[in-house]
Amino acid sequence: MQFKELGLDKRLVERMDHQGFQGATEIQQQAIPVVIAGKDLLASSKTGSGKTLAYLLPAMQRVIKQKAFSKRDPRVVVLAPTRELAKQVYGQLRGLTAGSNLKGVLILGGEDFNLQSKALAKDPQFVIATPGRLADHLEHGHLELKGLEMLILDEADRMLDLGFSKQLTAIHKAADHRRRQTLMFSATMDNAVVNEFGADLLSAPARVRIDAE
Ligand code: ADP
Ligand code: MG
């Protein structure tokens with residue numbers, strides 16, 4: 001299936017054509033329309049199946065198409081369990097925002113806290129982060145999440161395994177309002193911890209599960 005059949009904005013479809021992608025992967029085909037429809041989502045599919053664009057494309061779409069209700073707060077936060085994974089997500093985001101007036105920042109543990117605080121003060125629309133460091137910035141008042149429209153937990157199962165539930169809850173609470181959409185991606189759907197955590201964060205989520213052949 002082609003990206004243009006998924007309800008994506010023409011500009012985003014063109015970006016995918018430029019990257020030379022022939023069509024959307026299975027998880028992208030199933031997740032993108034659900035997210036565009038505004039639903040919360042709990043999704044699983046194997047590594048390498050294209051989950052990053054399954055959430056970044058509809059997140060971009062929301063930012064492009066809908067007027068922000070806060071000019072200062074980030075509109076989309078993506079949390080990933082490790083520095084390496086967050087960097088990869090940021091790389092894919094850069095591919096989508098290049099040449100536009102949209103900004104993203106990468107907030108990783110182990111890097112200069114003050115520099116990150118300055119980057120957050122420039123009001124980026126997208127924040128890609130590891131949970132511990134983002135929770136630190138929240139505690140220090142370096143960002144607010146009252147205007148957050150999409151909270152995305154990538155590899156939620158691994159973040160919970162790594163003991164980030166307290167930080168994830170703090171981030172969720174700071175961004176807790178009616179307009180927020182929440183997406184959770186996980187390696188498996190039968191993970192009890194993920195399901196229990198999802199029940200707190202997600203509101204009547206759609207479930208998309210692509211099993212490995
Ligand atoms: P996952 O998070 O499911 O492990 P990624 O989002 O990291 O997978 O994607 C894996 C690779 O597949 C990346 O290099 C990405 O650029 C590529 N990719 C994503 N979507 C497509 C697509 N529709 N067609 C071809 N390649 C894709
Ligand atoms: Mg991934």
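What is the mean pLDDT of the protein chain, and what percentage of its residues reach 70 or more? In this predicted model, the mean pLDDT of the protein chain is 95, and 99% of the residues reach 70 or more. For the complex, the predictor gives an ipTM of 0.99 together with a pTM of 0.97.

The shell around ligand 1 is made up of Phe-21, Ala-24, Thr-25 and Gln-28, together with Thr-47, Gly-48, Ser-49, Gly-50, Lys-51, Thr-52 and Leu-53. By residue class, this shell divides into 3 nonpolar, 7 polar and 1 charged. Helix H3, which spans residues 51-65, provides the largest share of the shell, namely 3 residues. An unreviewed UniProt entry lists residues 1-29 under the short sequence motif "Q motif". Over residues 1-29 the chain is 45% helix and 0% strand, and the C-alpha atoms at the two ends are 7 Å apart.

Turning to helix H8, which comprises residues 165-174, the buried residues are Gln-167, Leu-168, Ile-171 and Ala-174. These buried residues lie on the same side of H8 because they cover an arc of only 130° around the axis. On the other side of H8, Lys-166 and Lys-173 are exposed. The cover over the buried residues of H8 includes both strands and helices, among them strand S2 (76-79) and strand S5 (150-153), as well as helix H6 (131-139) and helix H7 (156-161).

Terms used:
Residues numbered from 1 in each chain as written. Chains lettered and ligands numbered in written order. Predicted model: local features only at pLDDT ≥ 70, side-chain atom pairs only at ≥ 80, totals over all residues. Buried ≥ 20, exposed ≤ 12 C-beta atoms within 10 Å, placed from the backbone. Helix = DSSP H or I, 4+ residues; strand = E, 2+ residues; numbered from the N terminus. Arc of directions from axis to C-beta. Contact = placed C-beta atoms within 7 Å. pLDDT = per-residue confidence, 0-100. UniProt positions renumbered as here; feature names shortened; annotations may be inferred. Near = placed C-beta within 6 Å. Nonpolar A, V, L, I, M, F, W, Y, C, P; charged D, E, K, R; others polar.
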